[in-house]
Amino acid sequence: MAHFAKIENGLVVQVVVAEQDFISTGALGDPASWIQTSYNTRGNVHYDQNGNVDAEGVRGNYAGIGYTYDAQNDVFVAPQPSADHILDTDTWTWWNPTATDPVETKPVKPTITIPVPVVVPVVAPVVEAIVAPVVETVVETPAEEAAPVAEETVAVVEEPTEEANNETNR
């Protein structure tokens, strides 16, 4: 199941939980007026089930009734709290530049840390040895300078006769 926000004149008027296939049937009206929103996205950051930063946000924020849908940036934005508040387009949240309350100050978007694989030094040479290309060097010698080829000498070995065996055994 996913969350979908119904958009009318750029404003969110309804939020439902449904399957994409159900939205596509038109049972709730024009499917084009329904935009998927992520319940786990806020401040343009997606959080996993444990509240840890998981990935880049989906459409800025989870849509709520009265939110604006900015089609150009494909984000949902909460209503502006007051004329003093400024929209931060990194987090798609409002902040008050004159506030001293930490809640009202400019939000900081958490960074996503992607773990770097650890390379074990012992494995690296083995891998290189396995994948290293075999290079052959061929040196051609002109025919007139070629070294003479030695002729093979074949030795014929005869099997010892019975007399020779008898003498050896004595």
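**Figure 1. His-3 sits in strand β1, which covers residues 2-8.** The model shown here and in the other views is predicted. The C-alpha atoms of His-3 and Val-17 lie 4.5 Å apart, although 14 residues separate the two in sequence. Beyond its neighbours within four places in sequence, His-3 contacts Val-16 and Val-17. Its other contacts of this kind are Ile-35, Gln-36, Thr-37, Tyr-39 and Tyr-62.

**Figure 2. Thr-37 is a residue of strand β3 (residues 34-37).** Thr-37 counts as buried because its relative accessibility is 3%, against a cut-off of under 20%. A polar atom of the Thr-37 side chain lies 2.9 Å from the backbone nitrogen of Ala-63. Residues up to four places away in sequence are left out of the contacts that follow. Thr-37 touches His-3, Phe-4 and Ala-5. Thr-37 also touches Asn-61, Tyr-62, Ala-63 and Phe-76.

**Figure 3. Seven residues form the largest nonpolar core.** The members are Ala-5, Ile-7, Val-12, Ile-35, Ala-63, Tyr-69 and Phe-76. A second core, separate from this one, has six residues, including Phe-4, Val-16, Ile-23 and Trp-34. In soluble globular proteins, nonpolar side chains tend to be buried together. Within the largest core, take Ile-7 as a centre for the view. Ile-7 touches Val-12, Ser-33, Ile-35, Tyr-69 and Phe-76, setting aside residues up to four places away in sequence.

**Figure 4. Tyr-39 and Tyr-62 form an edge-to-face aromatic pair.** The whole structure holds two aromatic pairs, and this is one of them. The ring centres of Tyr-39 and Tyr-62 are 5.1 Å apart, with 80° between the planes. Tyr-39 lies in the loop between β3 and β4, and Tyr-62 in the loop between β6 and β7 (68-70), so the pair ties together parts that are 23 residues apart in sequence. Tyr-39 counts as exposed, because its relative accessibility is 55%. Tyr-62 has a relative accessible area of 23% and is therefore partly exposed.

**Figure 5. Tyr-69 and Phe-76 form a tilted ring pair.** Their ring centres are 5.1 Å apart, and the planes meet at 50°, so the pair is tilted. Both residues are buried. Both also belong to the largest nonpolar core, and Ile-7 touches each of them.

**Figure 6. Strands β4, β5 and β6 make an open sheet.** The strand order is β4-β5-β6, and the pairing is antiparallel. β4 (41-42) and β6 (53-56) are the edge strands, each pairing on one side only. Strand β5, residues 45-47, pairs with β6 over three bridges. Tyr-47 has Val-53 of β6 as its bridge partner.

**Figure 7. The whole chain contains three helices and 10 strands.** Along the sequence, these elements follow the pattern β-β-α-β-β-β-β-β-β-β-β-α-α. The chain has 170 residues, of which 21% are buried. Consider contacts between residues at least 6 apart in sequence: 36% of them join residues at least 24 apart. The accessible surface of the chain is about 13100 Å². Carbon and sulfur atoms account for 55% of that surface.

Notes: Residues are numbered from 1 along each chain as its sequence is written. This is a predicted model: local features need pLDDT of at least 70, side-chain atom pairs count only at pLDDT 80 or more; totals for chains, interfaces and linings use all residues. Side-chain values use heavy atoms; hydrogens and water are left out. Helices (H or I, at least four residues) and strands (E, at least two) are DSSP runs, numbered from the N terminus. Buried means under 20% relative accessible area, exposed over 50%, partly exposed in between (1.4 Å probe, protein chains only). Contact means heavy atoms within 4.5 Å. Accessible areas come from the Shrake-Rupley method with a 1.4 Å probe; for residues, only the protein chains shown count as cover. Two strands pair if DSSP finds at least two bridges between them. A nonpolar core is a set of buried Ala, Val, Leu, Ile, Met, Phe, Trp, Tyr and Cys residues joined through side-chain atoms within 4.5 Å. A polar contact is a pair of N or O atoms within 3.5 Å; within protein, one must be able to donate a hydrogen and the other to accept it, and residues adjacent in sequence count only if both atoms are side-chain atoms. Rings of Phe, Tyr and Trp (its six-membered ring) pair if their centres lie within 6.5 Å; planes under 30 degrees apart count as stacked, over 60 as edge-to-face and the rest as tilted.
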